[in-house]
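Student: Could you take me through the charged side-chain pairs of this protein, one step at a time?

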Amino acid sequence: MRKFVILGGGYGGLAMIQGLISSHLPPDIELVLVDRMPFQGIKTEYYALAAGTASDFDLRIQFPNHHQLTKRYGDVTSIDLENKLVHMDQDEPIAYDYLVIALGCTDRYHGIPGAEQFTNSIQTFSSTRKTYQRLNDIKPYGQVYITGGGLSGVETAAELRESRPDLNITILDRGARVLSAFPSTVSAYVEQWFRDHDVNTRSHISVSRVEDGVIYNGDEAIYTDATIWTAGIQPVKVVQDLNVPKDPGGRVVVNSYSQIPDFPEVYVVGDCASIPFAPSAQAAGAQAEQVAEILHALWRGDTPKLHKIRLKGTLGSLGSKAGFGLMGKTSVKGRVPRLLKSGVLWLSRRHFG
């Protein structure tokens, strides 16, 4: 048997498994899925878990069952590319013939002192649960600051406003406007929604350090009951530790087949791979589907035909009734993008669940 190990059961890992088992998986291939938990967490909705508007159970998708699929649970501590071994924290190393690295991302703290220690994260199920607990315990009219005005920060602020109308919520952003990756019309719409719902935004903020209950904008002390960090991501430490070429963001450089050039039996998908898309669930899934097609072609002895990855767009929510997005070059705002996002979530559950 040839052992095909998939590290990470997120969007990329699950899409990879679906792509492999749905189309004549060779009988001598044993798939091994490695994840710390026995389910996929719907990471695009972690902001709702943190705010308390979605339950833990609502955001789980069970892994598929297949006679050629084995599941192993635990934390990956390192990958030995030379000897084709995956080292685990409390288990024997896992040998592989093929490897897919789909371990996702973690927060990037940009070397800011105290940021990791004194802020709250929504990058993992476990950290998001802790963030929910912290936010839930804040007394009425407490101060919550969200560092980073990108998609995660905006959705978290809006959802928390809906969950806790009493709290004082402020987004701190280093740029001139929130959602700087979106057209200015989308930013203006979101800023107006924030004004209408008493969410504050502060621009041109440069966080210099964080202490317990205090964020420093240069020398200015900003006092807070909780700080949620949404100011950047990077690949997980296991990928950071790999001695292979990486791009300036720390993502692994891959060839057109998503392989590490010096280790063609190793594929990297999603947030860990240097691909021409911003990290997202959609990009991870689309790339993983392409890699599954590549593998099926190689196993048949054919030359893989690479189709161009086309992403459908980005959708964001502002509570339960409003949203925003970018579909191609078209901006969408209001009720429709919120309904679309709910539909995408429903389809995702139905497809993977």
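**Salt bridges and exposure**

Tutor: Let us begin with one residue: Arg36 has a relative accessibility of 51%, and since exposed means over 50%, buried under 20% and partly exposed in between (1.4 Å probe, protein chains only), Arg36 counts as exposed. Please keep in mind that this is a predicted model, in which local features need pLDDT of at least 70 and side-chain atom pairs count only at pLDDT 80 or more, while totals for chains, interfaces and linings use all residues. Residues are numbered from 1 along each chain as its sequence is written, and side-chain values use heavy atoms, with hydrogens and water left out.

Student: Which side chain meets that of Arg36 in a salt bridge?

Tutor: A salt bridge is a side-chain nitrogen of Lys or Arg within 4 Å of a carboxyl oxygen of Asp or Glu. For Arg36 the N to O distance is 3.1 Å, and the partner is Asp75.

Student: How many residues apart in sequence are the parts that this pair ties together?

Tutor: Arg36 lies in the loop between strand E2 (29–35) and strand E3 (39–41), whereas Asp75 lies in the loop between strand E5 (69–73) and strand E6 (76–80). Strands are DSSP runs of at least two residues, numbered from the N terminus. The pair therefore ties together parts whose separation in residues is 39.

Student: Is Arg164, which meets Asp166 in a salt bridge, buried or exposed?

Tutor: The side chains of Arg164 and Asp166 meet at 2.8 Å, N to O. With a relative accessible area of 14%, Arg164 is buried.

Methods:
Helices (H or I, at least four residues) and strands (E, at least two) are DSSP runs, numbered from the N terminus.
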